[in-house]
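Hi,

Here's the structure I said I'd pass along. Have a look at it first, and my notes on what turned up are underneath.

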Amino acid sequence: WRRRLGMYLWSCPYNDAKVSDVVEKYNADILAKLAPAATSVSGESTCVLYQMMNHYVSTETSLSTILAPISHTPFRHDYSSSFHIGATLSAISSSNMSLHTEGLVVDTIASQLIEEGSWEWAVYVTLCLLDRDNASG
C-alpha cells in the first residue's frame, strides 16, 4: 500500500498538490477496490502510519485507535511505542485524547517499566501528561 500511495504522490499533476487530497483519493480508491488496504505489520488492523495520515486529513480518526498497540506492533500488550506516538500526536494534533486512553497508555507503560526494573522512568512517565487539555480538567 505504501508503494501505491507513493505512486499517487509522485504522479500528482501539479507539484503543489496537498497531501490531504492524495490521502482522500487513496481512501476513495480503497473503497472502490482499486488500491490495496493499508494493513498493519501484523495484518490484523489498519497501519498506524495510514491512520495518522487520516487523522491529519480529518480528526474523525480517534487517537485511541491510533494508539492501540495492534496498529503498530505484533505484541498486543506492548505500549512502549504507543506512549511516544501519543505524546507526539497530542503535541501536534488539534483533537483531544480521552482521559481513559491517556490513563491506559501511561499506566501500561509505567507497569512495563517497573517490570523491567526501571522504576525511575516509570515515575517520570506517570508524571507526564500526554494531553495538555486533560491537565486543566
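**Starting at Lys-33**

At 75% relative accessibility, Lys-33 comes out as exposed, since anything over 50% gets that label. Lys-33 sits in the loop that runs between H2 and helix H3 (48-57). Its backbone is worth a glance too: phi of Lys-33 is near 60°, a positive value in a residue other than glycine. For context, most residues other than glycine have a negative phi. Do keep in mind that this is a predicted model.

**The overall picture**

The chain has 8 helices and 0 strands, so if you read along the sequence you get α-α-α-α-α-α-α-α. Of its 137 residues, 39% count as buried. Looking at contacts between residues at least 6 apart in sequence, 53% join residues at least 24 apart.

**Helix H1**

Which residues of H1 are buried? In this helix (residues 2-10), they are Leu-5, Gly-6 and Tyr-8. Viewed down the axis of H1, these buried residues fall within an arc of 155°, so they line one face of the helix. They pack against H2 and H3. On the face of H1 turned away from the buried side you'll find Arg-3 and Trp-10, which are exposed.

**Helix H2 and the salt bridge**

The structure holds 1 salt bridge. Asp-29 forms it with Lys-25, and the closest N and O atoms are 3.2 Å apart. Both residues belong to helix H2 (residues 19-31) and are 4 residues apart, about one turn of the helix. That spacing fits the usual geometry: an α-helix has 3.6 residues a turn, so residues three or four places apart point the same way.

Are the two partners buried or exposed? Asp-29 is at 8% relative accessibility and therefore counts as buried, while Lys-25, at 46%, counts as partly exposed.

Ser-20 is in H2 as well. With a relative accessible area of 18%, Ser-20 is buried, because the cut-off is under 20%. Leaving out residues up to four places away in sequence, Ser-20 touches Tyr-56 and Val-57.

**Leu-49 in H3**

Leu-49 is found in helix H3 and is partly exposed, with a relative accessible area of 38%. Setting aside its neighbours within four places in sequence, Leu-49 is in contact with Trp-1 and Arg-2. There is also a C-alpha distance you may want to have: Leu-49 and Ser-71 are 22 residues apart along the chain, and their C-alpha atoms are separated by 8.9 Å.

**H6 against H7**

How do H6 and H7 pack? Helix H6 (residues 99-115) and helix H7 (residues 119-127) meet at an angle of about 170°, and their axes are 7 Å apart. Angles over 145 degrees count as roughly antiparallel, so H6 is roughly antiparallel to H7. From H6, the contact is made by Val-106, Ile-109, Ala-110, Leu-113 and Ile-114, and from H7 by Trp-119, Trp-121, Ala-122, Val-125 and Thr-126. Sorted by class, the contact of H6 with H7 has 9 nonpolar, 1 polar and no charged residues.

That's what I have for now. Shout if you'd like to go through any of it together.

Cheers

Note on methods: Residues numbered from 1 in each chain as written. Predicted model: local features only at pLDDT ≥ 70, side-chain atom pairs only at ≥ 80, totals over all residues. Heavy atoms only, no water. Salt bridge = Lys/Arg side-chain N within 4 Å of Asp/Glu carboxyl O. Helix = DSSP H or I, 4+ residues; strand = E, 2+ residues; numbered from the N terminus. Buried < 20%, exposed > 50% of the residue type's maximum accessible area, 1.4 Å probe, protein only. Axes fitted to C-alpha atoms, helices over the stretch in contact; angles between N-to-C directions. Parallel < 35°, antiparallel > 145°, perpendicular 65-115°, else oblique. Contact = heavy atoms within 4.5 Å. Nonpolar A, V, L, I, M, F, W, Y, C, P; charged D, E, K, R; others polar. Arc of directions from axis to C-beta.
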